[in-house]
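This report introduces a structure to a reader who has not met it before. The account begins with strands and then turns to helices, domains and chains.

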Amino acid sequence: MPTSTITFRETVSSIKVIPVDEVSLEARAASLATRSIKTTSKRAALHLAIRCMDLTTLEGADTPEKVASLCQKAKRPDPSNHGVPSVAAVCIYPEMVHHAVEATEGSNVKVASVAGAFPSGLSTIEARTADIADAVKRGADEIDIVLNRSAFLAGDEQRAFEEIVASKDACGKAHLKVILEVGELGSYDKIRQASVLAMAAGADFIKTSTGKIPQASSLPRVLCMAEAVRDFAQQTNISVGIKAAGGIRTAKQAWHYLVVIGETLGTEWLSPEMFRIGASSLLNDVLLQLNRLDSGSYSGPDYVTVD
Amino acid sequence: MGNSNFKDGSSLEDFGIEYAPAIESTSLVNIKDKYGLFIDGNFVDSSSGKSFKTLDPSTEKPLSVVTEASSDDVDRAVRSAGVSYEKYWKKMPGADRARYLFRIARHLQERAREFAVLETLDGGKPIKESRDVDLPLAAAHFFYHAGWADKLEYAFPQRKLEPHGVIGQIIPWNFPLLMAAWKLAPALACGNTVVLKPAETTPLTALLLAEVIRDVDLPPGVVNIVTGAGETGSAIVEHPEVDKLAFTGSTEVGKLIHRSAVKRNLPLTLELGGKAPHIIFEDAALDQAIEGVINGIFFNQGHVCCAGSRLLVQESIADYFIDRLQKRIELLRVGNPLDKNTDIGAINSLAQLERIDQLVKAGIDEGAEVFKPSCSLPENGYWYPPTVLTGVQQSHRVAREEIFGPVLVVQTFRTPEEALEKANNTPYGLSAGIWTEKGSLIHWMAERLRAGVIWANTFNKFDPTSPFGGYKESGFGREGGMQGLTAYLKNSGGHS
């Protein structure tokens, strides 16, 4: 296993993990979701949502053509409107990375690859780091791995921590996103602990979900992670990004997330460098809402491209 | 990517945490030029011809003219309530009384938006609070008490229950419609008739409620609503044919009413001021505790008798907690109460604004350090920014007197014993809040805190099923729950 200058004992144990009260956390998230986003704010929020989006396809049936189509959409989401920005990244399986690199060449769309025995993370750390290194070698800019929930829930936090350290080493220059799979952690306390553990182990981003189980991202879960990120930044001066993924399908959901991030972490986090939304069908709803702002009427699903 | 600009003036970088105005429409609300007194089922003029203006405190613009009830008018209202009690209400089966209460509740729900906008216009509270708190709770109080109307004998078995007769009720300006609901619903459910006086700065929603009461065909005189200030109130208190008094408001006025009622051995319930301790232990869920503290003191501009106005924070986390709290306060949006994103609205009246200002100045003179956020306040109207006073000692006026505004005083403690001692060392005892993840500590504190309502890991949560009321100078009697019914029934065995 690769060594790191960071040790579990020095980091996780020195960072205070604050308990979370479920009822009040959910009440706060619900209250932020009542923020009313109108006119100029709505347009700005929709554009920001696109700029922060990781357009995703993670299917066993993915093909090079499918990925090429996705990359085209990522670069120019609305072919009829050049004012619409491109998305942050495409998110795909390692096998598809070189196709995506080719298709996004010359654009500022990044290529993100899941790796490390996604979505369970349950193979040897050697196999997982090799998977990561391979995706990086194929040209991935960003690597999305999963937390070893098996070790974490069994109480072996040290192992979960050291595996992230090893994965970070395998990433080299690529950015590392660590998926906590919040729907499997069982409580907000565990989400907060896992957030701190991943950040201390060197994650550039912490991410909610794989999208492969029904319990995925939610506003209170992201709020819980954002509070951990905020305290971690204050204690260590290291700013870690957040990626919400799974179940985010409507423009309204997307701006609720922007509100939660903005009001918890501040405007510094409202950028693709610090916040991402992983989604597949969200983009078209955002485009429909943007068209509606421009034209005053709602067009319909046949006026955006299905990719 | 850069800053592309759009025709509406927005840019890609615009979405910070600044939101474009989202103003609730006032088109549903039809404010009349002048309102009469609601006596015997009709809107009538005053015998004296006197009237007064009610303002929008966020703009200082007059909204309407309201009739001032003279002692003759109060006499008319009390007599109407007396006749109606004998003629209709006393004889009516509980199930039939319930039907009227259910109808009022449903009308409140159907016209919720209209009521909420009017409440915000007349009182200055943010629309999100009148929409999400005042209106749903007001309707819930009528629904809940409608359920009791035909079950009173099961609530208090083996007792010869009887209504008091005519109830005089005087309510404050902080939750105008909700307090009317708290007072009217149990009184009517128990078979009493009522003369109710809303506060002089916020009469409009009570008068709209009078329209609802007329629309549901409640027998004339069962509810009478008289508007006016202190003189009108004292005419109700002194009236010889009033059988019971219920008052919510300041401790100062409560004491005067108590004196008058005691002389005549008149049943009385009082819900008065508070200076609630909000206690944060070092092991608490601190992010949620911050939200609890914010909600505890800045909800409704701090115009809340049970507001968590004294923050007691354990010394080991005090610096962290106060820093977090100040950063959170920077995010509060103060301004137009009709904006759906407004967190803190206008102070209810000039008199209240002056009182808040005077007390904060006294606090600073006594050595407290003041924190106010950088938010700007509108030019017109009555405004006070959310304020935190630190370095406050137990002997300071701001630690002892009720400010009734968006002002939090902060003290620290080292042990649970010390927290308890400081928390209880006040003439008031309406509410208290405890934040800790340790269940046994919650129970230990709750057993020893002398306050009528104790919230653990939450604050300012209300429900019609849960009794509310105070210890010591915060008053006596309970409102809500089965306990609240005893205030409106003879021989129930509870306080009435």
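Two strands are taken to pair if DSSP finds at least two bridges between them. In this predicted model, strand E7 (residues 241-245) and strand E8 (residues 275-279) of chain A are joined by four bridges and run parallel. Within this pairing, A:Ala245 has A:Gly278 in E8(A) as its bridge partner.

These strands belong to a wider arrangement in chain A. A closed barrel of eight strands, with parallel pairing, follows the order E1-E2-E3-E4-E5-E6-E7-E8 in chain A. From one strand to the next, the twist averages 25°.

Helices of chain A lie against these strands, as the table sets out.

| Helix of chain A | Strands of chain A involved | Direction of the helix |
|---|---|---|
| H4 (residues 64-75) | E1 (53-56) and E2 (89-92) | about 160° with that of E2(A) |
| H8 (residues 157-171) | E4 (142-146) and E5 (175-179) | about 150° to E5(A) |

Helix H4 of chain A packs on the sheet, and helix H8 of chain A lies across its two strands.

Another packing in chain A involves two helices. The axes of H3(A) and H11(A) cross at roughly 90° and come within 10 Å. Angles of 65 to 115 degrees count as roughly perpendicular, and H3(A) and H11(A) are therefore roughly perpendicular to each other. On the H3(A) side the contact is made by A:Ala45, A:Leu46, A:Leu48 and A:Ala49, which meet A:Ala251, A:Ala254, A:Trp255 and A:Leu258 in H11(A). The residues of this contact comprise eight nonpolar, no polar and no charged.

Both of these helices also take part in the meeting of the two chains. The contact between the chains brings together 30 residues of chain A and 28 residues of chain B. Helix H2 (22-32), helix H3 (39-51) and helix H11 (251-265) of chain A each contribute at least two residues to the side of chain A that touches chain B. H3(A) provides the largest share of that side, with nine residues. Divided by class, the side of chain A that touches chain B holds twelve nonpolar, ten polar and eight charged residues.

Chain B is divided into domain 1 (34-272 + 473-490) and domain 2 (277-463). Taken over C-alpha atoms, the centres of the two domains of chain B are 30 Å apart. Their contact takes 19 residues from domain 1 of chain B and 27 residues from domain 2 of chain B. On the domain 1 side, helix H3 (112-123) and helix H4 (127-148) of chain B each supply at least two residues. H4(B) gives the most to this side, with four residues. The domain 1 side of the contact has five nonpolar, eight polar and six charged residues.

Definitions and conventions:
Residues numbered from 1 in each chain as written. Chains lettered and ligands numbered in written order. Predicted model: local features only at pLDDT ≥ 70, side-chain atom pairs only at ≥ 80, totals over all residues. Contact = placed C-beta atoms within 7 Å. Nonpolar A, V, L, I, M, F, W, Y, C, P; charged D, E, K, R; others polar. Domains from an automatic or database assignment. Axes fitted to C-alpha atoms, helices over the stretch in contact; angles between N-to-C directions. Parallel < 35°, antiparallel > 145°, perpendicular 65-115°, else oblique.
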